[in-house]
Amino acid sequence: MSYVDVTLDLPMDVRVWRELRFARAPMTLFELWRSVRPDFNHLVAWLDGWSAAGMIALGKRSQTITMNKQVKARCANPPRQKATPRNFHPSCAYQRIWTAIRVMRTFDVPALLMAAETGKRHATNYFNQLERAGYLKRIDTPDEFHRRYRLLRDTGPRHPVMTRTKQDGFPAMRITDANTGEQTSFELTPKSLRNRDAYSFALEN
């Protein structure tokens with residue numbers, strides 16, 4: 001049995017741990033995910049737990065990950081954590097979308113939908129509102145078939161929450177950043193008003 005075969009037989013959290021342990025330089029969240037391809041939400045949960053225990057350090061806005069030198073030298077495997085169900089997914093689709101956005105950083109819509117395991121209707125509206133609020137920038141060119149986005153503002157693990165409101169007496173959307181408490185409001189366009197999805201958001205905290 002080859003080394004590769006042995007590695008692939010390991011639990012996914014052990015594979016992520018060893019990728020960090022043998023990394024020669026700090027890794028970004030996307031580099032770590034691309035190397036091992038774990039479930040996005042499991043990956044973030046593991047990293048949060050290891051960070052809280054002081055075993056890894058998350059760089060500014062969690063963009064880089066470095067394992068503690070003493071932990072790297074002494075711990076071949078990650079600490080045991082409460083088991084996560086195999087079919088675990090956050091109940092809120094927007095949280096799954098936001099987690100996938102933070103991991104991928106730059107993405108096209110089909111790839112993001114597959115990663116977040118969500119439908120196109122709500123996701124497209126969420127992308128539009130995040131773009132208007134300055135979290136995303138659309139980067140596709142006219143000759144590209146699918147929309148592509150780049151993450152501009154990664155303020156933390158909790159997804160920005162959308163709430164229908166009014167601004168100067170007109171229907172508006174308010175984006176509340178659950179990580180910083182910052183709020184951004186803007187009027188809904190006539191096109192948005194004609195679209196039922198503009199009012200079909202799951203208003204979850």
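A crossing of two helices is called right-handed if the near helix is turned clockwise from the far one by less than a right angle. Keep that in mind for the first two views of this predicted model.

**View 1. Helix H6 crosses helix H7.** The crossing of H6 and H7 is right-handed. Their packing angle is about 120°, and the axes sit 9 Å apart. That angle makes H6 oblique to H7, because values from 65 to 115 would count as roughly perpendicular and only those over 145 as roughly antiparallel. On the H6 side, look for Arg-96, Ile-97, Ala-100, Ile-101 and Met-104; they meet Ala-111, Leu-112, Ala-115 and Ala-116 in H7. Sorted by class, this contact has eight nonpolar residues, one charged and no polar.

**View 2. Helix H6 also packs against helix H8.** Here H6 (residues 93-104) meets H8 (residues 120-132) at an angle of about 60°, with 11 Å between the axes. The two helices are therefore oblique to each other. Their crossing is right-handed. From H6 come Tyr-94, Ile-97, Trp-98 and Ile-101, and from H8 come His-122, Ala-123, Tyr-126, Phe-127 and Leu-130. That gives eight nonpolar residues, one polar and no charged in the contact of H6 with H8. If Ile-97 and Ile-101 look familiar, they also turn up in the contact with H7.

**View 3. A three-stranded sheet.** Now for the strands: they form an open sheet in the order S4-S6-S5, with antiparallel pairing. S4 (106-108) and S5 (136-138) are the edge strands, so to speak, each pairing on one side only. On average, neighbouring strands in this sheet are turned by 25° against each other, ignoring direction. Between S5 and S6 (residues 148-151) there are three bridges, and the two strands run antiparallel. Want one to find by eye? Arg-138 has Tyr-149 in S6 as its bridge partner.

**View 4. Helices on the sheet.** H7 (residues 109-116) packs on the sheet and touches S4 and S6, its direction making about 95° with that of S4. H8 packs on the sheet too, touching S4, S5 and S6, and its direction makes about 105° with that of S5.

**View 5. Two tryptophans paired up.** The structure has six aromatic pairs, and Trp-17 with Trp-50 is shown here. Their ring centres are 5.0 Å apart and the planes stand at 85°, so the pair is edge-to-face. Trp-17 belongs to helix H2 (residues 12-21) and Trp-50 to helix H4 (residues 40-52), so the pair ties together parts 33 residues apart in sequence.

Technical notes
Residues are numbered from 1 along each chain as its sequence is written. This is a predicted model: local features need pLDDT of at least 70, side-chain atom pairs count only at pLDDT 80 or more; totals for chains, interfaces and linings use all residues. Side-chain values use heavy atoms; hydrogens and water are left out. Axes are lines fitted to C-alpha atoms, for helices over the stretch in contact, and angles run from 0 to 180 degrees between N-to-C directions. Helices (H or I, at least four residues) and strands (E, at least two) are DSSP runs, numbered from the N terminus. Angles under 35 degrees count as roughly parallel, over 145 as roughly antiparallel, 65 to 115 as roughly perpendicular and the rest as oblique. Contact means heavy atoms within 4.5 Å. Ala, Val, Leu, Ile, Met, Phe, Trp, Tyr, Cys and Pro count as nonpolar, Asp, Glu, Lys and Arg as charged, and the others, Gly among them, as polar. Two strands pair if DSSP finds at least two bridges between them. Rings of Phe, Tyr and Trp (its six-membered ring) pair if their centres lie within 6.5 Å; planes under 30 degrees apart count as stacked, over 60 as edge-to-face and the rest as tilted.
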